[in-house]
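Grab a coffee and open the viewer. Below are some exercises to work through with the model on screen, each with a solution you can check yourself against.

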Amino acid sequence: MNTRATIEEGVTQFDLVYTPSDPLAATQLQALIAWREIFRRLGLIGLDPARYGGVGYGNVSRRLPSKRRAAARFAITGTQTGALAALDARHFAIVTAFHPERNRVEAEGPLPPSSESMTHGMLYRLDSSIRFVFHVHSPELWRAAKTLGLPRTAENVGYGTPAMAQEMTRLRRAGAFARRRLLVMGGHEDGVIAFGRTAEQAGAVLLRALAEALVR
């Protein structure tokens, strides 16, 4: 049975069509779970009552095989999982389709998907080589974005919105994806996104940039 909901500011802002279903095989999620744990230990993903109004932050995803070549089917951490110390297959959603022009996401799995699902989906749609996307919160990296020459989304664009999805298109057309495979979300405090062909590539891009920010 499908459930349909629109959840306002605080977490999810898109129209969601969600069908509860069984989790993916754990083997498909091992890399995501491992990197999410790394980011949690570094404070890049989690929940801090003193930050962001006590709302959990950060999410990770990976592209999944699809019968349709142009489709962008992917697994992503479920909504409201930031406070959890450890994740397993029950804490991920599968986004099966998304439609920025209608502000709509379709998903299945044990949990509804993260608030940033549309942004992740647009990255997968724009570049078939992208197989992993990591969204974290790093004050140090966010503040150093200009110094490091990092691509930045417009400050008036909120997270998880069709406008943010369009910002991914703008940055790709400007050549941002080819330069660093890392971007800062100008209108989403401390928000940073890294992506790559492998989980290791995306993670290394992010940690290398964080190290650069910390030594400046």
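The exercises below start with the whole chain and then move to single residues. Keep in mind that this is a predicted model.

**Exercise 1. Work out whether the overall dimensions fit a compact globule.**

Solution.
- Start with the length: the protein has 216 residues, and a compact globule of that length would have a radius of gyration near 17 Å.
- Now take the value for the model, which is 16 Å, so the two agree.
- For the outline, the C-alpha trace spans about 50 × 35 × 35 Å along its principal axes.
- As for what fills that space, the protein has 7 helices and 9 strands.

**Exercise 2. Find how much of the chain is buried, and how far along the sequence its contacts reach.**

Solution.
- Burial comes first: 53% of the 216 residues are buried.
- Next, consider the contacts with a separation of 6 or more; 63% of them involve residues 24 or more positions apart.
- Turn to the outside: the accessible surface is about 10,000 Å², and carbon and sulfur atoms own 51% of that.
- Finally the charges: there are 28 positive and 19 negative ones, and their mean positions lie 8 Å apart.

**Exercise 3. Classify the ring pair of Phe74 and Tyr124, and say what it ties together.**

Solution.
- The protein has 6 aromatic pairs, counting rings whose centres lie within 6.5 Å.
- Phe74 and Tyr124 make the list, with 5.2 Å from centre to centre.
- Their planes are 40° apart, and the pair is tilted. That follows because 40° falls in the range between 30 and 60 degrees.
- Phe74 sits in strand E4 (residues 74-77) while Tyr124 sits in helix H2 (residues 117-126), so the pair ties together parts 50 residues apart in sequence.
- Both partners are tucked away: Phe74 is buried at 0% relative accessible area, and Tyr124 is buried at 1%.

**Exercise 4. Do the same for Phe177 and Phe195.**

Solution.
- The ring centres are 5.0 Å apart and the planes meet at 55°, so this pair is tilted.
- Phe177 belongs to helix H6 (residues 176-179) and Phe195 to strand E9 (residues 191-196), so the pair joins parts 18 residues apart in sequence.
- Check burial against the 20% cut-off: Phe177 comes in at 5% and is buried, and Phe195, at 1%, is buried too.
- One more thing to look for while you're on rings: Trp35, Phe39 and Phe134 are linked into a cluster by ring pairs.

**Exercise 5. Decide whether helix H2 is mostly covered or mostly open.**

Solution.
- Count the buried residues: 9 of the 10 in H2 qualify, and the helix is mostly covered.
- Go through them by name: Ser117, Met118, Thr119, His120, Gly121, Met122, Leu123, Tyr124 and Leu126.
- Tyr124, from the ring pair with Phe74, is one of these buried residues.

**Exercise 6. Trace what surrounds Leu171.**

Solution.
- Locate Leu171 in helix H5 (residues 162-173).
- Its relative accessibility is 5%, and Leu171 counts as buried.
- Leave out neighbours within four places in sequence, and the contacts of Leu171 are Pro151, Arg152, Thr153, Ala176, Phe177 and Leu183.
- Take Arg152 from that list: it is 19 residues away from Leu171 in sequence, with 8.0 Å between the C-alpha atoms.
- Phe177 is another of the contacts, and Phe177 is the ring partner of Phe195 from Exercise 4.

**Exercise 7. Which loops hold Tyr52 and Asn103, and what is notable about phi there?**

Solution.
- Tyr52 is in the loop between helix H1 (30-41) and strand E3 (59-63).
- Its phi is near 55°, a positive value in a residue other than glycine.
- Tyr52 is partly exposed, at 22% relative accessibility.
- Asn103 is in the loop between strand E5 (92-99) and strand E6 (104-109).
- Phi of Asn103 is near 55° as well, again positive in a residue other than glycine.
- Asn103 is partly exposed, with a relative accessible area of 23%.

**Exercise 8. Find the contacts of Gly43 beyond its sequence neighbours.**

Solution.
- Gly43 lies in the loop between H1 and E3.
- At 27% relative accessible area, Gly43 is partly exposed.
- Skipping neighbours within four places, Gly43 is in contact with Arg51, Tyr57 and His137.
- To see the reach along the chain, go to Ser138: it is 95 residues from Gly43, yet the C-alpha atoms are separated by 8.1 Å.

Notes: Residues numbered from 1 in each chain as written. Predicted model: local features only at pLDDT ≥ 70, side-chain atom pairs only at ≥ 80, totals over all residues. Heavy atoms only, no water. Helix = DSSP H or I, 4+ residues; strand = E, 2+ residues; numbered from the N terminus. Rg over C-alpha atoms; globule rule 2.2 N^0.38 Å. Buried < 20%, exposed > 50% of the residue type's maximum accessible area, 1.4 Å probe, protein only. Contact = heavy atoms within 4.5 Å. Areas by Shrake-Rupley, 256 points an atom, 1.4 Å probe, with all protein chains shown as cover. Lys, Arg positive; Asp, Glu negative; His and termini not counted. Charge placed at Lys NZ, Arg CZ, Asp CG, Glu CD.
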